[in-house]
Amino acid sequence: MEIRGKVALVTGGTDGIGLCIARLLKEKGATVIVCGRRTNLLASARAEGFEAIEADLSSREGVTALAQTATARTLDILINNAGAGVDYDLAEAIDLDAVDRTIFLNLDAPIHLAALLVPQLKARPEAALVNVTSGLAIAPRAGGPVYCATKAGLRSFTKAIRFQLRGTRLNVIEALPPVVETAMTASRSGSKMKPEQCAAEIVAAIEGNRQEANVGMVKLLKLVHSISPRLAEAIMIRF
Ligand SMILES: NC(=O)c1ccc[n+]([C@@H]2O[C@H](COP(=O)([O-])OP(=O)(O)OC[C@H]3O[C@@H](n4cnc5c(N)ncnc54)[C@H](OP(=O)(O)O)[C@@H]3O)[C@@H](O)[C@H]2O)c1
């Protein structure tokens, strides 16, 4: 797919991996719309030349408002990137409202945006829908049960709609990042991929009309999982 001249919406495109994807798409000649909640990050994005829309995607109202704005723009590329983790430790008190908001952001929002925007995307000469999941969609870690469940759910959803959309000009891509150096992983030690490198692999998958972007170490995880799902799960559960 040619990026030049396309219109792209990157949810959560004001920070982290999403911002790096937005920058790369813009560099390659796309008009890029980003969204997020923090006004300072939205202002920085505007200063960089993006259209930046304030939207909280952890609720149905936020998603609907964003989709209304997006439908006026004739999108070619939708990147469902906004996502977050949430605490869920059965040995402690659990904030179920925070859990529900995270499930909505990570899983419901991409499902709603696909329902609202795919008709328009399908009508374009060439288009891409990218859902950002995680290596943890393949095998969960014990420390993030809700996060992993949302990403596994989004992976399953992505595969099913790809099948529904076969034969159309809309390419459905799943992007599976490894641990990437962003605000989301600030409290984690160990090696982390740079967000620019992760974004480059995702954008290459869009340009190459691929179905999956297995980024960095996720390639190895997929290989291990294909040989022995039990071994992959045993490794990842303690990750
Ligand atoms: N970092 C990793 O190691 C890693 C690994 C695998 C997968 N991923 C996935 O990659 C995606 C991006 O992660 P990241 O690490 O780049 O995250 P990040 O640096 O924390 O950035 C998250 C982006 O999403 C926006 N966002 C968060 N909550 C939102 C909400 N309720 N409504 C609208 N926008 C919201 C944030 O802006 P505001 O906070 O201002 O709204 C920000 O622009 C996520 O789906 C994540 O699950 C990340």
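These are my notebook entries on a predicted model of a protein with a ligand.

**Overall form**

I began with the whole chain and counted its elements, finding that the protein has 8 helices and 7 strands. I then looked up the extent of the protein, whose C-alpha atoms fill a box of roughly 45 × 40 × 30 Å along the principal axes. I wanted to set this against an expectation, and for 239 residues a compact globule would have a radius of gyration near 18 Å, so the 17 Å of the protein agrees with that. As for burial, I noted that 44% of the 239 residues count as buried. I also looked at how far apart in sequence the contacting residues are, and among contacts with a separation of 6 or more, 65% join residues 24 or more positions apart.

**The nonpolar core**

Next I asked which residues touch the most other members of the largest nonpolar core. They are Ile 21 and Ile 202, in a core of 70 residues. Helix α4, which covers residues 96-122, gives the most to this core, with 7 residues. I followed Ile 21 further and, leaving out residues up to four places away in sequence, I found that Ile 21 touches Val 10, Gly 13, Ile 79, Asn 81, Ala 199, Ile 202 and Val 203.

**Around the ligand**

I turned to the ligand and listed 28 residues around it, of which Gly 12, Gly 16, Gly 36, Arg 38 and Gly 83 come nearest. I sorted the shell by residue kind and obtained 13 nonpolar, 11 polar and 4 charged residues. Helix α1, residues 16-27, supplies the largest share of this shell, which amounts to 3 residues.

**Ala 82**

I then stopped at Ala 82, which I found in the loop between β4 (77-80) and α4. Is Ala 82 buried or exposed? Ala 82 has 28 other C-beta atoms within 10 Å, and because 20 or more are enough, it counts as buried. Apart from neighbours within four places in sequence, Ala 82 is in contact with Thr 11, Gly 12, Gly 18, Leu 57, Leu 105 and Ala 109. For a sense of distance I also took Arg 166, which is 84 residues from Ala 82 in sequence and 25 Å from Ala 82 in space, C-alpha to C-alpha.

**Helix α5**

I checked the length of helix α5, residues 145-164, against the rule of 1.5 Å a residue: its 20 residues should span 28 Å, and the end C-alpha atoms are 29 Å apart, which agrees. Within α5 I found Val 146, Tyr 147, Cys 148, Thr 150, Lys 151, Leu 154 and Thr 158 to be buried. I noted α4, β5 (127-132) and β6 (170-176) among the elements that cover the buried residues of α5. As background I wrote down that an α-helix has 3.6 residues a turn, so residues three or four places apart point the same way.

**Two positive phi angles**

Last, I looked up two residues that are not glycine and yet have a positive phi, namely Thr 74 at about 55 degrees and Asn 209 at about 50 degrees. Thr 74 sits in the loop between α3 (60-71) and β4, while Asn 209 sits in the loop between α6 (195-207) and β7 (212-214). I recorded Thr 74 as partly exposed, because 13 C-beta neighbours lie inside 10 Å. Asn 209 I recorded as exposed, because 11 other C-beta atoms lie within 10 Å.

Conventions:
Residues are numbered from 1 along each chain as its sequence is written. This is a predicted model: local features need pLDDT of at least 70, side-chain atom pairs count only at pLDDT 80 or more; totals for chains, interfaces and linings use all residues. A residue is near a molecule or strand if its C-beta atom, placed from the backbone, lies within 6 Å of it. Helices (H or I, at least four residues) and strands (E, at least two) are DSSP runs, numbered from the N terminus. Ala, Val, Leu, Ile, Met, Phe, Trp, Tyr, Cys and Pro count as nonpolar, Asp, Glu, Lys and Arg as charged, and the others, Gly among them, as polar. The radius of gyration is taken over C-alpha atoms; the globule rule is 2.2 Å times the number of residues to the power 0.38. A residue is buried if 20 or more other C-beta atoms lie within 10 Å of its own, exposed if 12 or fewer, and partly exposed in between; C-beta atoms are placed from the backbone. Two residues are in contact if their C-beta atoms, placed from the backbone, lie within 7 Å. A nonpolar core is a set of buried Ala, Val, Leu, Ile, Met, Phe, Trp, Tyr and Cys residues joined through C-beta atoms within 7 Å. The expected span of a helix is 1.5 Å times one less than its number of residues.
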